[in-house]
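Visitor: Could you take me on a close look at one part of this protein, the largest pocket? I would like to know what lines the largest pocket and how it sits in the rest of the chain.

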Amino acid sequence: MIKHLGLKAYGKINLGLDVVRKREDGYHEVRMIMQTVRVYDKIDLVRSEQPGIRLETNLYYLPDNENNLGYRAAKLLMDEFGVTEGVEIKMKKFIPVAAGMAGGSSDAAAVLFGVNKMFSLGLTTEQLMERGVKLGADVPYCIMRGTALSEGIGEILTPLPPMPQCQILIAKPPISVSTKFVYENLNLPSLSRDAHPNIDKIAKALASRDFYGVADNLGNILETVTIPAHPVIREIKEKMMELGAVNALMSGSGPTVFGLFVNPAAAQEAYEEMRYGSAKSLSKQVYLTSFYNNKAGK
């Protein structure tokens, strides 16, 4: 019997994010290239004889009930399989919140994986992904992890060759962005063809392990909404490029920005400048990290 599980819920960035169209049901069809990074939340699951789900986090403003995706993930499986025991979920957050890095979705993915393992429910990775989409479009990807093409509303996933390793500087400005606001204000008919990133070019560069081919084609159509609303995002991108990034991009609906570096010394200097130097006012949270390409549960 498993009484305790310690798990890591990894964040993601988007190497490319395009929106194809708005569907009749209000959802947007996307084509994205997702990439896991080594910034993670720590999730501890503790089995309890007392029925029910109890959740606590290190951030006072996060919900500890069904408004938390991790709580809902546990409830989804425990209700389906009639689990009569309880579970305590201790969540230590490091992935920036409301930042375009799928922190909540990754927490939910880790809880699904952990509850399945702890209570011996016997679900495969694919079966967990099928259930994960009920919680959010990014959850199936956060279960799978690695490098992937994401289509549909985000639930159609195709694994891709891993991104060549480099240093990744991640910076979140002291603002939060509503994904709902961004998509509601995305005016696709008004955008030029150049506003759409070339997702196929990025995928082709990944297949040939062409780092510069990927870096040169980074693109995110949601920048057309988020940057005019929050110009600090452009400032961070420009600062990262000035500090030696090969390229920089906003992740998801923002406001987190990441820069790709091939020179470790330049990456370290950029990190110190963004965190401690004259540019520190631009960012609330800064990480220097790398890609994470292990699959589910590893």
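Guide: Here is a walk around the pocket and then out to its surroundings. Please keep in mind that this is a predicted model.

Let's begin with the space itself. The largest pocket holds about 1200 Å³. Its lining is made up of 41 residues, and those closest to the centre are Ser-105, Ala-137, Asp-138, Thr-179 and Ser-253. Two strands and three helices each give two or more residues to that lining: the strands are β1 (4–22) and β2 (28–48), and the helices are α1 (69–80), α2 (103–118) and α5 (179–184). Sorted by class, the lining has 21 nonpolar residues, 16 polar ones and 4 charged ones.

Next, one stretch of the wall deserves a slower look. In an unreviewed entry, UniProt lists a "binding site" made up of Pro-96, Val-97, Ala-98, Ala-99, Gly-100, Met-101, Ala-102, Gly-103, Gly-104, Ser-105 and Ser-106. From this set, the pocket lining takes in Pro-96, Val-97, Ala-98, Ala-99, Gly-100, Met-101, Ala-102, Gly-103, Gly-104 and Ser-105. Ser-105 you have met already, as one of the residues closest to the pocket centre. Ala-98 lies in the loop between β4 (86–92) and α2, and Ala-99 is found in the loop between β4 and α2 as well. The backbone at Ala-98 is worth a glance: its phi is near 50°, a positive value in a residue other than glycine.

Now let's cross to Ser-253, another of the residues closest to the pocket centre. A little further along the chain, the peptide bond from Gly-254 to Pro-255 is cis, with omega near 10°. Pro-255 has its place in the loop between β9 (247–250) and β10 (257–261).

Stepping back, we can ask how the pocket relates to the domains. The chain is assigned a domain 1 (2–157) and a domain 2 (165–288), and each of them gives at least three residues to the pocket lining. The C-alpha centres of the two domains lie 24 Å apart, and 26 residues of domain 1 and 31 residues of domain 2 take part in the contact. Together the domains bury about 2200 Å² between them, with 66% of it on carbon and sulfur atoms. On the domain 1 side, Leu-15, Leu-17 and Val-19 supply 25% of the area buried against domain 2, more than any other three residues.

Finally, the record offers two labels for your map. UniProt's unreviewed entry gives "domain: GHMP kinase N-terminal" for residues 68–146; this span is 53% helix and 9% strand, and its end C-alpha atoms lie 24 Å apart. The label "domain: GHMP kinase C-terminal", also from an unreviewed entry, goes to residues 203–275. In that span, helix makes up 56% and strand 15%, with the end C-alpha atoms 32 Å apart.

Methods:
Residues numbered from 1 in each chain as written. Predicted model: local features only at pLDDT ≥ 70, side-chain atom pairs only at ≥ 80, totals over all residues. Heavy atoms only, no water. UniProt positions renumbered as here; feature names shortened; annotations may be inferred. Helix = DSSP H or I, 4+ residues; strand = E, 2+ residues; numbered from the N terminus. 1 Å grid on protein atoms, 1.4 Å probe; cavity = no way out; pocket = protein on both sides within 12 Å on 5 of 7 lines; lining within 4 Å. Points joined across faces, edges and corners; volume = space filled by probe spheres on them. Nonpolar A, V, L, I, M, F, W, Y, C, P; charged D, E, K, R; others polar. Domains from an automatic or database assignment. Contact = heavy atoms within 4.5 Å. Buried area = accessible area lost by both parts, 1.4 Å probe.
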